Amino acid sequence: LDPGFTVAADVASDRTFDDAWEAWLGERMGEADPVLVRAMACGLKLGALKSAARRMTAERDILGRETEEPTFSTTSLLDRMRTAVETITPLKESCQDTTDDAYQSVLNLEADLARAGRLDATSREVFLRDLYVNARSGKQTNWDPKDACKGTKAELKAVKDAQKAWREASDAHLAWALRDRLRSFLGTYEETKRERAVVDFQDLLLCTRDVLTESAPVRRYFQGRFDHVLVDEFQDTDPLQVEIVFLLAEDPSTPTAGDWRQVRLQPGKLFIVGDPKQSIYRFRRADIGVYNQAKELIEAGGGEVLALTTNFRTVPSVLAFANELFDDVFSNPDLDPTPRPLVAHRPEVDRHGARTVALAVPPERMPEDGDRTVGAVGPVLAQTIAAFLREITQRRPWSIRDGGAVRPVRPGDVA
């Protein structure tokens with residue numbers, strides 16, 4: 001780092017990124033970079049590529065690594081189409097009506113195969129990515145024997161399935177190629193920052209992690225600066241921060257570990273608090289997998305994991321509802337945290353228990369399935385909740401117990 005470096009604020013950091021991006025993109029486009037030409041031909045917008053580059057800079061410790069090139073044959077789909085045409089050609093003569101949809105699909109496949117063979121590699125990939133094969137239409141009564149129709153549609157269906165798999169392979173290979181190409185943008189971005197003697201927030205974490213990992217004297221020095229390391233809201237900690245925490249909490253009497261997962265913790269130095277059910281910062285790289293790894297490492301090193309299951313805020317009937325809901329929502333053992341039943345410290349207010357209500361969102365107000373984004377659904381949920389609160393506080397107020405008295409519920413009673 002330049003001794004006079006400054007930490008770029010959001011605006012300055014954005015300006016540095018934008019300048020690096022314009023320089024890199026101008027050079028790539030000037031050279032007609034084949035990866036970018038291919039990607040844009042397949043429909044990639046420059047705005048989306050820039051967003052990917054921004055994401056890559058923010059997570060360059062992970063996304064910046066080299067990865068193995070996925071398997072992708074540019075000619076495999078052509079080979080499958082060619083095989084299908086050769087198989088179907090004898091069957092085609094069994095069709096008694098050339099207007100039959102299955103017969104027309106065979107003609108279209110033959111034409112598509114011929115056209116694809118005349119195109120250059122990039123144009124052919126674009127064409128085959130959007131290839132449409134009708135494998136469902138066609139009447140057996142138009143074929144003699146009828147099995148010829150079935151055989152034709154079965155072969156068309158095989159081509160249709162092959163095209164779907166081929167497009168997915170094309171997507172995967174194109175994503176890999178773009179990621180590999182964007183790794184060169186990281187070099188331009190780093191050079192631009194060096195020229196301006198600026199670092200971004202991610203640099204602070206990366207440089208801290210790197211110096212603690214690579215320099216034993218530095219690690220030992222900072223380990224001696226902290227008697228204890230206490231981390232709250234650990235479920236929202238990103239992988240880099242976890243590495244730094246473990247390196248600082250290492251037992252100085254043991255050999256320095258080259259990886260945070262190999263750290264032997266100093267007894268009593270690290271204390272973390274977290275609730276994986278509350279992990280809501282995945283977009284900031286919070287990772288439940290890292291959370292679980294850290295917990296396992298603490299236990300393996302002789303530490304203790306304490307489950308805090310007593311709830312001081314509400315009553316048994318409400319917790320019974322919440323516990324049942326958690327069991328239903330967190331049902332994937334590979335992705336979800338394992339829910340622990342909560343136990344109420346407070347007794348029931350009413351001998352019949354508290355009422356729990358599941359609000360039904362009017363179906364007619366919900367967006368279509370394909371449009372159910374957070375931005376589209378959020379306002380509908382908010383309006384539904386607001387209408388319910390108006391109902392129980394204004395139109396037909398519920399009654400609640402306040403000390404020794406019973407009174408109508410007020411908006412301030414809602415949490």
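# A walk through the predicted model

Asp-200 sits in the loop that links strand S2 (198–199) to helix H9; helices are DSSP runs of H or I with at least four residues, strands are runs of E with at least two, and both are numbered from the N terminus. Before going on, please note that this is a predicted model, in which local features need pLDDT of at least 70 and side-chain atom pairs count only at pLDDT 80 or more, while totals for chains, interfaces and linings use all residues. Residues are numbered from 1 along each chain as its sequence is written, and side-chain values use heavy atoms, with hydrogens and water left out.

## Two aspartates around H9

Asp-200 counts as buried because its relative accessible area is 9%. Here, buried means under 20% relative accessible area, exposed means over 50%, and partly exposed is in between, with a 1.4 Å probe and protein chains only. A polar atom of the Asp-200 side chain lies 2.8 Å from the backbone nitrogen of Asp-203. If neighbours within four places in sequence are set aside, Asp-200 is in contact (heavy atoms within 4.5 Å) with Ser-13, Arg-60, Tyr-189 and Lys-193.

Asp-203 itself belongs to helix H9. With a relative accessible area of 8%, Asp-203 is buried too. Its side chain makes a polar contact of 2.7 Å with the side chain of Arg-60. Such a contact is a pair of N or O atoms within 3.5 Å; within protein, one atom must be able to donate a hydrogen and the other to accept it, and residues adjacent in sequence count only if both atoms are side-chain atoms. Beyond four places in sequence, Asp-203 touches Arg-60, Glu-190 and Lys-193. Arg-60 and Lys-193 therefore appear among the contacts of Asp-200 and of Asp-203, with contact taken as heavy atoms within 4.5 Å.

Helix H9 spans residues 201–214 and also holds Leu-204. Together with Leu-1, Phe-5, Val-7 and Phe-201, Leu-204 makes a nonpolar surface patch of about 490 Å².

## Inside the protein

Which residues have the most contacts inside the largest nonpolar core? They are Val-229, Phe-234, Val-242, Val-245, Phe-246, Leu-265 and Leu-270, in a core of 23 residues. H9, strand S3 (229–231), helix H11 (239–248) and helix H12 (288–300) each supply at least two residues of this core. The largest share, 7 residues, comes from H11. A nonpolar core is a set of buried Ala, Val, Leu, Ile, Met, Phe, Trp, Tyr and Cys residues joined through side-chain atoms within 4.5 Å.

Phe-234 gives a view of this surrounding: apart from neighbours within four places in sequence, Phe-234 is in contact with Val-242, Ile-272, Val-273, Gly-274, Tyr-291 and Ala-294. Another core lies apart from the largest one; it has 20 residues, including Trp-21, Leu-36, Trp-176 and Phe-185.

Helix H7 (residues 121–129) has buried residues of its own: Arg-124, Glu-125, Phe-127, Leu-128 and Arg-129. Their cover includes helix H2 (34–41), helix H5 (76–92), helix H6 (101–118) and helix H8 (146–196). Where H7 starts, a side-chain oxygen of Asp-120 comes to within 3.1 Å of the backbone nitrogen of Thr-122.

## Partly exposed residues

The table gathers some residues that count as partly exposed.

| Residue | Place | Relative accessible area |
|---|---|---|
| Ala-32 | loop between helix H1 (10–30) and H2 | 49% |
| Arg-115 | helix H6 | 44% |
| Glu-233 | loop between S3 and H11 | 41% |
| Leu-204 | helix H9 | 32% |
| Leu-342 | loop between helix H13 (316–329) and strand S6 (343–344) | 23% |

Leu-342 touches Leu-308, Thr-309, Asn-311, Leu-319, Asn-323 and Phe-326, not counting residues up to four places away in sequence. The C-alpha atoms of Leu-342 and Thr-310 are separated by 5.9 Å, with their positions 32 residues apart along the chain. For Arg-115 and Ala-322, 207 residues apart along the chain, the C-alpha separation is 60 Å.

## Backbone details

Ala-32 has a positive phi, near 50°, in a residue other than glycine. Glu-233, which is not a glycine either, has a positive phi of about 50°.

Where is Pro-145 placed? Pro-145 is in the loop between H7 and H8. The peptide bond from Asp-144 to Pro-145 is cis, with omega near 10°.

Note on methods: Patches are made of residues with over 30% relative accessible area and no salt bridge: like charges are joined within 9 Å, nonpolar side chains (Val, Leu, Ile, Met, Phe, Trp, Tyr) within 5 Å. Accessible areas come from the Shrake-Rupley method with a 1.4 Å probe; for residues, only the protein chains shown count as cover. A salt bridge is a side-chain nitrogen of Lys or Arg within 4 Å of a carboxyl oxygen of Asp or Glu.
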